[in-house]
Amino acid sequence: MLASARRLGLGPAAAVLAGVSGGPDSTALALMLLDIARLLGFQLHIAHLIHDFRGQESYDDADFVQRLAQANDCPCTVEEVDVPAYQHESGVSSFEQAARDLRYAFLARAARKVGARYVALGHTADDLAETVLLHIARGSGLHGLRGMQELNPWPYPYSHDAPLLWRPLLALRRADTIAFCDQTGIDYRDDRTNYMEDFARNRVRLNLMPALAEQLNSGIVYALSRLSQTAAVQLDYLEAQATALWPTVAPEPFASGGVLRLHRHALAELHPALQPLLLRRAWIKVKGDSRRLTESHLRQLAAMASDAGSGKMITLPGGYTAWTQREWLELSPQTPSDHDCPYPAIGGEFRLTLPWGPIAVAVTRRDGWEVTCQAVTLPDDASLDTGDPMSAYLSPAALASGATVRVWQPGDRIQPLGMSGHRKLQDVFTDAGVPRRWRPRVPLVITPQGLAWAVGVRIADWAALGPAENGVRAATLIKFVRAS
């Protein structure tokens, strides 16, 4: 542990907070840190959280920790929380997870209060092996196999100055910490909940690990620890690659609490080993942490990025959503709603006012739209690309019998520009990447001859400009703009 403390540069100007439950692991941690703090000169603070679950035993644990701190002239912070009440308020179903949430929140507060850059925890090699095994059982990826490290970032979405987690006992077994306490003559507390098989970790500790050691590999704890170290090294390399690729995959700035847009093509081109890392990073940027995101969610997101279609949506943990919009895969804290749709809702069909006689420009305002129709004359070599998908040149002859505007109806078909046959408008929307939730709002210019223009999507071949006469072409420029 002394070597670990020196690697962190701990000295007279540093402060460390130790989370101490009173069990053998954390008691050994506290005793070792007290000796090292005297040697290196850093300030040690002890913190203990009463979980309000085991009645008087919880208060006896707190009393033990306080007496341990007092006997060594070490400051101690104790708080009490109500885990079931937090579960009810937050909707967390797992008692273990709820207790963990509250414990880390308490440690973060206590660390800030005393100015501690590091929060020391008494996890041992046994804890690491149990964690890796639990992650394997849940189908985890490399992040799960990595398990715990000697030094880890804070696991919850706190500010940039959040403390770091320091686990200096990972090279020791649980039997080592018990032996250390016995040799020093220091008692410790034995939490009876550690023997309750209601909790998955206890079942792993009490049943699965002993069975694996007896029937498969007597050194299973060290084998799983080596697996964790291997995964950590590989993950460090892949994370560096993901960092370099991030500006390509997420080229737009992201404001916390908003929508994060990932470039689908850039993401789909990556090696499958890198895709989940970038998707996980995106999720953390939107949500703040990686909790409840599984490998299954990452596979779904990767499939959405590779799918040629648009408008698909999945729900992610905590009510977050991901959906595809043309070339983008978007992650958001909320279900996409009307705010991101560029088309105002059209209440019903309305007639377009078209230029006629001496009137070269006609404007129609209806249902949030301002539609300008202008009679223009174009040179034969003029580009027909207006540079704006919401404006287009249509043939005056195609509009001679009048035109109306409405939205998509089942069965609508269009003869796309350059094609002799007709296609379902629904298929044209899909090919153009129009999200499903937008399609009922896309304005359509309809004439007695049929669908002339799906605005922003496709012009009908028969409604396009014809050949020039005497070097010029007459055209009607129609432009849709959201009314202010």
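Which residues have the most contacts inside the largest nonpolar core? In this predicted model, local features need pLDDT of at least 70 and side-chain atom pairs count only at pLDDT 80 or more, while totals for chains, interfaces and linings use all residues. Residues are numbered from 1 along each chain as its sequence is written, and side-chain values use heavy atoms, with hydrogens and water left out.

The largest nonpolar core (buried Ala, Val, Leu, Ile, Met, Phe, Trp, Tyr and Cys residues joined through side-chain atoms within 4.5 Å; buried means under 20% relative accessible area with a 1.4 Å probe, protein chains only) has 36 residues, and those with the most contacts are Leu352, Leu425, Val445, Trp453, Ile478 and Phe480. Its largest share, four residues, comes from S19 (strands are DSSP E runs of at least two residues and helices H or I runs of at least four, numbered from the N terminus). Leaving aside neighbours within four places in sequence, Leu425 is in contact (heavy atoms within 4.5 Å) with Trp408, Asp412, Arg413, Ile414, Leu444, Leu451 and Ala454. A second, separate core of 31 residues includes Ala30, Leu31, Leu33 and Leu164.

Turning to the strands, an open antiparallel sheet of four runs in the order S7-S10-S9-S8 (two strands pair if DSSP finds at least two bridges between them). Strands S7 (260-263) and S8 (313-316) stand at the edges with a single partner strand each, so one side of each is left without a neighbour in the sheet. Within this sheet, S9 (residues 320-325) and S10 (residues 328-332) pair in the antiparallel sense over five bridges, and Thr324 stands opposite Leu329 in S10.

Terms used:
Buried < 20%, exposed > 50% of the residue type's maximum accessible area, 1.4 Å probe, protein only.
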